[in-house]
Amino acid sequence: TNFYTNSSYRGRFASNWKVFAGLSYGYSHNKGSYDVIDYATSENAIHSKLTFTKPISKTISTSFGADYFYTKYNENAAQFDSGYQSNIFAAFSETDLLVTNNLIAKVGFRFSKNNLLNENSVSPRLALAYKVAKNKQISMAYGNFDQTPKREYLVFTNQLQTEKAQHYILNYEYAKDRQIFKAEVYYKKYNNLVKYDTQMPLYNSNFNNDGTGYAKGLELFWRDSKNIKNLEYWVSYSYIDTQRDYQNFPKEVTPSFVADHTMSLVTKYWIQDWRSQIGATCTIASGRPYNNPNTTDFMNGKTKSYTNLSANWAYLISPQKILFFSVTN
């Protein structure tokens, strides 16, 4: 059983002030049986947000506001009750500065107070964008980010800290005549990741924030709807090198959800006489690591590479009706 609702407001007041306010509420109740164990869970969650924005001058614009998150979660399994109540308050500010005609800076910070973990944190963020030419731009960004540990951990302990990440990003973008090219390199450093000493999080697990990790990679993107009439296509490629020592890992290794290389090609072709759009997508990903129990090394197995070829046909019956076919392999 679940329920969700939200409401938001946007408006203006005084001299060029903009305001945004939002409030959401969600409720979820689940019950069932796993093997011979009956379980039931319930969650109430509230998120409220208020933001003000104002241009101070032709070269400076600022925004600031606050967030509030409330979560109450209860769990019962085999007559064992657990749960937690979380209150997180955050305040944030961001200022855009037109340093020169070609250079824009964005400076901000986020303050967060987590009552459940009894922790305060301040996260600075900085972004710079430089216009190299009319259609070319180079940008860089740095920021600190916090994340509350997962629910699976908080039901058993509140003696944890927020997990932390530092992001460094460098980006190049070219956009002209219905053509876009983007290239990005990044490095992310993880600290305070949650670790435990059992096969899965349990009431008798020993939890700590000794986990670490990193991620670095390259992303390329090209989109073109100019050179071939009625044809739009885009190509993307992603490379990632990442390792983490978290959860119950004995050492820092690449997690099982990571594929080192991923590439995709998407095409859309419009046929006017048929009132149809025909599309195709090809996705290729390298194998992912997994822990082979027949070997002594941890996470040294590798799955086969993944390939997916899909095709689709959308027929326009009328402006309000579309008939769509899709096949995937």
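Modeller: A residue is called buried when its relative accessible area is under 20%, exposed when that area is over 50%, and partly exposed in between. The structure under discussion is a predicted model.

Colleague: On that scale, is lysine 268 buried, partly exposed or exposed?

Modeller: Lysine 268 belongs to strand β13, which covers residues 261–271. Its relative accessibility is 31%. Because this value lies between 20% and 50%, lysine 268 is classed as partly exposed.

Colleague: How far apart in space are lysine 268 and leucine 231, C-alpha to C-alpha?

Modeller: With residues up to four places away in sequence set aside, lysine 268 touches Asn230, Leu231, Glu232, Trp234, Gln277, Ile278 and Gly279. Leucine 231 is thus one of the residues touched by lysine 268. The two are separated by 37 residues in sequence, yet their C-alpha distance in space is 5.8 Å.

Colleague: In the loop between β13 and β14, what is the phi of arginine 275?

Modeller: Arginine 275 is located in the loop that runs from β13 to β14 (276–285). Its relative accessible area of 37% makes arginine 275 partly exposed. Although arginine 275 is not a glycine, its phi is positive, at about 50 degrees.

Colleague: Asparagine 192 also has a positive phi; is this residue buried or exposed?

Modeller: Asparagine 192 lies in strand β10, and its phi is near 60 degrees. The relative accessible area of asparagine 192 is 17%. Because that figure is under 20%, asparagine 192 is classed as buried.

Colleague: Valine 185 is found in β10 as well; how is it classed by accessibility?

Modeller: Strand β10 covers residues 179–195, and valine 185 falls within that range. Valine 185 is also a member of a nonpolar patch on the surface. Its relative accessibility is 38%, so valine 185 counts as partly exposed.

Colleague: Which strand gives the most residues to that nonpolar patch?

Modeller: The patch is formed by Val107, Leu126, Leu128, Tyr130, Val132, Ile138, Met140, Leu170 and Val185, which together have about 710 Å² of accessible area. At least two of the patch residues come from each of β7 (119–133) and β8 (136–147). The strand that gives the most, with four residues, is β7.

Colleague: How many residues make up the largest nonpolar core?

Modeller: In soluble globular proteins, nonpolar side chains tend to be buried together. Here the largest such core comprises Ala165, Tyr190, Leu193, Ala215, Tyr246, Phe249, Val253, Phe298 and Met299. A second, separate core of six residues includes Tyr84, Leu116, Leu117 and Val155. The number of residues in the largest core is nine.

Colleague: Which residues does phenylalanine 298 contact, leaving aside its neighbours within four places in sequence?

Modeller: Phenylalanine 298 is one of the members of the largest nonpolar core, and Phe249 and Val253 are also among them. Both of these appear in its contact list, together with residues such as Lys251. In full, the contacts of phenylalanine 298 are Phe249, Pro250, Lys251, Val253 and Asn291.

Colleague: At the N-terminal strands, which residue stands opposite serine 8?

Modeller: Strand β1 (residues 2–13) pairs with strand β2 (residues 17–34) in the antiparallel sense, over twelve bridges. Three residues lie between the strands of this hairpin, and alanine 14 takes a positive phi near 50 degrees. Within the pairing, the residue of β2 opposite serine 8 is glycine 22.

Colleague: How many bridges join β2 to β3?

Modeller: These strands form a hairpin with two residues between them, and aspartate 35 in the turn has a positive phi of about 60 degrees. Leucine 23 stands opposite serine 48 of β3. Strand β3 covers residues 37–55, the two strands run antiparallel, and the number of bridges is 17.

Colleague: How many of the eight residues of strand β18 are buried?

Modeller: Strand β17 (residues 306–318) runs antiparallel to β18 and is joined to it by eight bridges. The two are linked in a hairpin through two residues, and asparagine 312 stands opposite serine 326 in β18. Strand β18 (residues 321–328) lies largely in the open, because the number of its residues that are buried is zero.

Colleague: Over the whole protein, what percentage of the residues is buried?

Modeller: The protein contains one helix and 18 strands, and its C-alpha trace spans about 65 × 60 × 45 Å along the principal axes. It exposes about 20,900 Å², of which carbon and sulfur atoms supply 55%. Of its 329 residues, the share that counts as buried is 30%.

Conventions. Residues are numbered from 1 along each chain as its sequence is written. This is a predicted model: local features need pLDDT of at least 70, side-chain atom pairs count only at pLDDT 80 or more; totals for chains, interfaces and linings use all residues. Side-chain values use heavy atoms; hydrogens and water are left out. Patches are made of residues with over 30% relative accessible area and no salt bridge: like charges are joined within 9 Å, nonpolar side chains (Val, Leu, Ile, Met, Phe, Trp, Tyr) within 5 Å. Accessible areas come from the Shrake-Rupley method with a 1.4 Å probe; for residues, only the protein chains shown count as cover. A salt bridge is a side-chain nitrogen of Lys or Arg within 4 Å of a carboxyl oxygen of Asp or Glu. Buried means under 20% relative accessible area, exposed over 50%, partly exposed in between (1.4 Å probe, protein chains only). A nonpolar core is a set of buried Ala, Val, Leu, Ile, Met, Phe, Trp, Tyr and Cys residues joined through side-chain atoms within 4.5 Å. Contact means heavy atoms within 4.5 Å. Two strands pair if DSSP finds at least two bridges between them.
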